[in-house]
Amino acid sequence: MNRNTRFLMVATLPLYLGPLLAGLSGLGWSAIPVFVALMALWLVVMRPQDWPRRVALWTPAVVLAAAAQVAINAVIVVILFGIGRGLGGVGGFVLPLPPLVPVALSFLSIPLSRMVWNPETAQQMDQFLDQALDQIHAINRGAPQVGAGAGADPMLKTLLDLPDDADPVLTADAIAAAMCAPGAALRLSLLQDELDHGLVPRNGLREGLILWATDTVRAADDRVHGVQLTGFLAAGFDARLLELFARRALPLLQAQPGLWSSYPDTAEIGLALEDSLPEAVQDSLRALAAAVEAATPPEERLSEA
């Protein structure tokens, strides 16, 4: 989940607190249509693609989908309002709130959500990623031969063209699709070279690569050696990315200790342990190093020494 998504969740919270507080403050059931209308307005503002501005675009399917959204939110309002009334009744108290306070709280969620989330940009991003995935799948069906550089591999070029603020989960899906084609090992190596020596940070691609490399379902069918090491190297010295890798890589190794050889060794993990890192990140990396050491066969430890 990226940062903007978390901000949107926080900004949306007042929308649902409104009907709950309205029930706690003893408002009558006649207040429900007000909150249903506010939720419908939130939908119109935050999901404009579902609410066309031209009458000609309102096909029966669009009308049905919009009505379903409003109906679902109406049910949510009734439930929240009922919970508020029930809590007040059981507790024997009523919050001394003016009627406009819960309404204003729910209304406040609309501008707050719009400030932290641009639905037009999000829709364009989703379309871009869908096109990238379609392009990778189309190339995959053709089984292209990977050349000696990034420019010779259209799949790698598509990955490098992904915007930095794309959803990391969808970026990981694009990487997974690209790594299903022949030449995955070389493609992964070229991707790592681009991340190591490229002029653009590509933090979004790095995060997607970490998510892909530490995915437990995908790792069970690993065909490329060193995937987890690539994910670790993609984190660089970025505290957030190192914490993400360590948090996901540790349970993966504990569940599949046979992957130890694809992980960074304890010395490589130790190089990332800088004093400037937050203590929590350092602890996560030390725990990962201990797990790698425990999963490494004794004879391999001796040969490393």
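Good morning. I shall begin with a pair of helices: helix H9, residues 203-213, and helix H12, residues 239-255, pack at an angle of about 10°, with their axes 9 Å apart. Because angles under 35 degrees count as roughly parallel, H9 is described as roughly parallel to H12. Please bear in mind that this is a predicted model.

Which residues of H9 and H12 make the contact? On the H9 side they are Asn203, Arg206, Glu207, Ile210, Leu211 and Ala213. H12 contributes Arg240, Leu241, Leu244, Phe245, Arg248 and Leu252. Sorted by character, the residues of this contact comprise seven nonpolar, one polar and four charged.

Let me now turn to the whole protein. Its secondary structure consists of 15 helices and zero strands. Of its 305 residues, 41% are buried. The protein exposes about 15,900 Å², and carbon and sulfur atoms supply 64% of that area. If we take the contacts with a separation of 6 or more, 74% of them are accounted for by residues 24 or more positions apart.

Next, the interior. In soluble globular proteins, nonpolar side chains tend to be buried together. Here, the largest nonpolar core has 50 residues. Those with the most contacts inside this core are Leu209, Trp212, Leu242, Tyr263, Leu285 and Leu288. Several elements give two or more residues to the core, among them H6, H7, H8, H9 and H12. Which helix supplies the largest share of this core? That helix is H12, with nine residues.

Trp212 deserves a closer look. Setting aside neighbours within four places in sequence, Trp212 is in contact with Ala172, Ile175, Ala176, Met179, Leu188, Arg218 and Val227. There is also a second, separate core, which has 18 residues and includes Ile32, Val36, Met39 and Leu43.

Finally, I return to H12 and to one residue in that helix, Ala246. Is Ala246 buried or exposed? Its relative accessibility is 3%, and therefore Ala246 counts as buried, the cut-off for buried being under 20%. Beyond its neighbours within four places in sequence, Ala246 is in contact with Pro251, Ser284, Leu285 and Leu288. Two of these partners, Leu285 and Leu288, were named a moment ago among the residues with the most contacts inside the largest core. Ala246 also lies eleven residues from Ala235 in sequence, and the C-alpha atoms of the two are 10.0 Å apart in space.

To close, H12 packs against H9 at about 10° and gives the largest nonpolar core nine residues. Thank you for your attention.

Definitions and conventions: Residues numbered from 1 in each chain as written. Predicted model: local features only at pLDDT ≥ 70, side-chain atom pairs only at ≥ 80, totals over all residues. Heavy atoms only, no water. Helix = DSSP H or I, 4+ residues; strand = E, 2+ residues; numbered from the N terminus. Buried < 20%, exposed > 50% of the residue type's maximum accessible area, 1.4 Å probe, protein only. Contact = heavy atoms within 4.5 Å. Areas by Shrake-Rupley, 256 points an atom, 1.4 Å probe, with all protein chains shown as cover. Axes fitted to C-alpha atoms, helices over the stretch in contact; angles between N-to-C directions. Parallel < 35°, antiparallel > 145°, perpendicular 65-115°, else oblique. Nonpolar A, V, L, I, M, F, W, Y, C, P; charged D, E, K, R; others polar. Core = buried A, V, L, I, M, F, W, Y, C linked by side-chain atoms within 4.5 Å.
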